[in-house]
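Reader: I would like a close look at a single part of this model, namely how two of its helices pack against each other. Please set that part in the context of the whole chain before going into detail.

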Amino acid sequence: MSGGRVLAAPTGRPVRVRRIAEDDWDAVVALEARTYTPLGLSEGRDALRSRALASPDTCFALDHGSRLAGYLLALPYPETRYPDLHSPEREPAATATTSRNLHLHDIVVAEELRQRGLARHLLDGLTAAARARGYERISLVAVGGSDRYWARRGYTADQGAAVPAGYGPTAVYMSRAVPDGPAPCEATKKWADAGAPRT
């Protein structure tokens, strides 16, 4: 997906999913801050950028027409582990070669474009990337009471995982097997459109 792909959108404007570019970071940081600062979970540029550098082939930008409308950050992490929100990634190469789990750390769609099915393009790209690279599971940390939302999409709470530190009092570590075949449109079209669990 390095060159991106242009897709149809219900908004009438073309949608493109592509790798995150260096000049996207101002817009990515602004989207992240607007979404997560009210929850006390905003990470800052250095931590966010380090996630994408750790696994550039599993992190995506979403263009809606001529603007950056969303992004997704996912990177290999051992099962039941997750990024420290306030620390950049330190050893991406070692983690990438040993983990069969892909951690969906963050997904955001611009506030004014939510509830239009745009996030499904990011999630379809993530599922395709996970399959292509041989990952067996996708994990996330659901925050702000969003665990029921993710449970309806096939994610289950891991009873062996500790309550995620630093992600808020209602955080839940969840995961699911990488689905076989194309991701069904109905199951993914509203993922993260609602203000987004930090994943």
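Author: What follows goes from the overall make-up of the protein to the packing of one pair of helices. The model is a predicted one, and the protein in it holds six helices and eight strands, which run from the N terminus in the order β-β-α-α-β-β-α-β-α-β-α-β-β-α. Of its 199 residues, 50% count as buried, while the protein exposes about 8,900 Å², with carbon and sulfur atoms supplying 51% of that area. If one takes the contacts between residues at least 6 apart in sequence, 73% of them join residues at least 24 apart.

Turning to the pair itself, two packed helices are described by the angle between their axes and the distance between the axes. Helix H1 spans residues 25–36 and helix H2 spans residues 45–54, and their axes come within 10 Å of each other, crossing at roughly 115°. Since angles from 65 to 115 degrees count as roughly perpendicular, H1 and H2 are therefore described as roughly perpendicular to each other. The crossing in which H1 passes H2 is right-handed.

As for the residues that make this contact, H1 contributes Trp-25, Asp-26, Val-29 and Glu-32, and these meet Arg-45, Leu-48, Arg-49 and Ala-52 of H2. Sorted by class, the contact of H1 with H2 is made up of four nonpolar and four charged residues, with no polar ones.

Key. Residues numbered from 1 in each chain as written. Predicted model: local features only at pLDDT ≥ 70, side-chain atom pairs only at ≥ 80, totals over all residues. Heavy atoms only, no water. Helix = DSSP H or I, 4+ residues; strand = E, 2+ residues; numbered from the N terminus. Buried < 20%, exposed > 50% of the residue type's maximum accessible area, 1.4 Å probe, protein only. Contact = heavy atoms within 4.5 Å. Areas by Shrake-Rupley, 256 points an atom, 1.4 Å probe, with all protein chains shown as cover. Axes fitted to C-alpha atoms, helices over the stretch in contact; angles between N-to-C directions. Parallel < 35°, antiparallel > 145°, perpendicular 65-115°, else oblique. Left-handed = near helix turned anticlockwise from the far one by under 90°. Nonpolar A, V, L, I, M, F, W, Y, C, P; charged D, E, K, R; others polar.
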